[in-house]
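Visitor: I would like to learn how to read a model with more than one chain. Could you walk me through it?

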Amino acid sequence: MNILFAFLIIAVLGLLLGLALAFAAEKFAVEKDEKAEQILEILPGANCGACGYPGCSGYASALSKREAPNGLCSPGGPKTSALVATILGIEDEGVGERMVAYVHCRGNNELTQRNFKYDGIEECSGAYMLFKGESSCKYGCLHLGSCIQVCPTDAIYRDEKGNVTVEPDKCIGCRKCTLVCPTNVIKMIPARGSHAIACNSFDSGAFVRKVCEVGCIGCKICERKFPDSGCVVENFLATIDYSRPMTQIADAAEACPTKCIVVARQ
Amino acid sequence: MSYIAIFITYVFINNFILSQFLGLCPFIGVSKNSESAIGMGMAVTFVMGLASVLTYLVYHFLLVPLNLAFLQTLTFILLIAGLVQFVELVIQKNSPALYQALGIFLPLITTNCAVLGIAILNINENYNLMESFLAGISGGLGFTLALILMSNIRERLDLHPVRKVFKGVPIAFISGGLMALAFMAFDKSLLTNLLG
């Protein structure tokens, strides 16, 4: 008899709870966006924020409501944008060019003068608050590696000389490092770019020469002697215009007196 | 007087996490930032209070009269699981942000031994309905206290230079252990000193 009671009690309790839950599920039902869920499955799920929305789910719901343009997902690339386009039933416009982060500085404590020694918390923003960092050059890398911390794919590392470097193959182009960097020394360059200018200093040539051995002094040799190198010098700093043909860039790198045109990608 | 004693007992002396070591999974899992720690603590407090009342009623008005007290664990788990599912539905509807922050740990309250622990403790200690409810709420508040303390410690630890091998969970475990040691200072003598 007892065993029958036990069986009945548990069965009835289970049934009652089940009914209550079914009722609650009906009452507290959350409307689900099926398209948004499908898109969320396609997105890479890195939650990197490259699209400007809070995580992949935010972008997915914005996409399904047609509030966001397709192709903002740089980690997903053209494959993702094509799949999203088929779900939404729209024309795929592609993602645009793949961009990767690049640290435009080769300076370090041996090559660049220091004004003082920073001994605070290991966070670039902290160092920057104190006279814009310990180095005499106020435009360069602070070497405390806040970008290494925020990188979702561990694409940023310190090379054997201690310089902060981005591995272009691992970079998904989320721009988190460019946002966290207080000196803006990390900028996006097209992934196809073979060379980059490893300097970010707008100081005059004489000053750069004095404080750093590897800075751009704005001598304009690259711009004048190699017009097809793509180099443009403005405010004592060379930059590469990647939209122009870059046939002479290797020669320009050879001729650069401080050798600050460097190979970005083999 | 016994109500104050129960409150102090379950918040400090028999703190579920730091003295009884029950419900440690969310203690490490949801203590990365204080916002989700508070959310989780509140959810657990709510579930523990409600579960105490529900299990008390079912035990004393259903299982004992039918001479089925041996079914208590099974019944309690059933009740708690149903209750947690209900709480999950409500939170998902009313606070999607909290729902996302809690993530997998919300369904895990189902199997959180602190909730089952308080239900069984209430029976063992022979509490009446009001005392059971208070014990449940206090246990949940003690849980919340431990979670908030831990999340604040971990938020600070993020800014400090911690050796790479210790970074993240290992240093959190060490801090948790030290906190448990500190909570050993609360014992029965606290009650006698306070309440005579």
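Guide: Here is a short tour, from the chain contacts to the cores, a helix and a hairpin. Keep in mind that this is a predicted model.

Visitor: Let us begin where the chains meet. How many residues of each chain are in contact with the other?

Guide: In general, the size of an interface is often given as the accessible area lost when the parts come together. Here we can count residues instead: 16 of chain A are in contact with 17 of chain B. On the chain A side, 13 of these residues are nonpolar, two are polar and one is charged.

Visitor: Now the interior. Which residues touch the most other members of the largest nonpolar core?

Guide: That core has 63 residues, and the ones touching the most other members are Tyr102(A), Val103(A), Val166(A), Ile186(A), Ile197(A), Cys216(A) and Ala252(A). Strand E1 of chain A, residues 99-103, gives the most to this core, with five residues.

Visitor: Why does the core lie between domain 1 and domain 2 of chain A?

Guide: Both domain 1 (34-88) and domain 2 (99-263) of chain A supply residues to this core, so it lies between them. Another core, of 48 residues, lies apart from it and includes Val30(B), Val84(B), Ala114(B) and Phe133(B).

Visitor: Which residues far from Cys216(A) in sequence are in contact with it, leaving aside neighbours within four places?

Guide: Cys216(A) is in contact with Ile197(A), Cys199(A), Ser201(A), Val208(A), Leu237(A), Ala238(A), Thr258(A) and Cys260(A).

Visitor: On to chain B. How many helices and strands does chain B have?

Guide: Chain B has 10 helices and zero strands. Of its 196 residues, 39% count as buried. Among contacts in chain B with a separation of 6 or more, 81% join residues 24 or more positions apart.

Visitor: How should I read a helix, and which residues of H4(B) are buried?

Guide: An α-helix has 3.6 residues a turn, so residues three or four places apart point the same way. In H4(B), the buried residues include Phe76(B), Leu79(B), Ile80(B), Leu83(B), Val84(B) and Ile91(B). Helix H4 of chain B covers residues 72-94 and reaches 32 Å from its first C-alpha to its last, close to the 33 Å expected.

Visitor: Last, the hairpin. In which sense do strands E6 and E7 of chain A pair?

Guide: In a regular strand the side chains alternate between the two faces of the sheet. E6 (residues 231-234) and E7 (residues 237-240) of chain A pair in the antiparallel sense over four bridges. Glu234(A) stands opposite Leu237(A) in E7(A). Two residues lie between the strands of this hairpin, where Asn235(A) takes a positive phi near 50°.

Key:
Residues are numbered from 1 along each chain as its sequence is written. Chains are lettered from A and ligands numbered from 1 in the order in which they are written. This is a predicted model: local features need pLDDT of at least 70, side-chain atom pairs count only at pLDDT 80 or more; totals for chains, interfaces and linings use all residues. Two residues are in contact if their C-beta atoms, placed from the backbone, lie within 7 Å. Ala, Val, Leu, Ile, Met, Phe, Trp, Tyr, Cys and Pro count as nonpolar, Asp, Glu, Lys and Arg as charged, and the others, Gly among them, as polar. A nonpolar core is a set of buried Ala, Val, Leu, Ile, Met, Phe, Trp, Tyr and Cys residues joined through C-beta atoms within 7 Å. A residue is buried if 20 or more other C-beta atoms lie within 10 Å of its own, exposed if 12 or fewer, and partly exposed in between; C-beta atoms are placed from the backbone. Domain bounds come from an automatic or database domain assignment. The expected span of a helix is 1.5 Å times one less than its number of residues. Two strands pair if DSSP finds at least two bridges between them.
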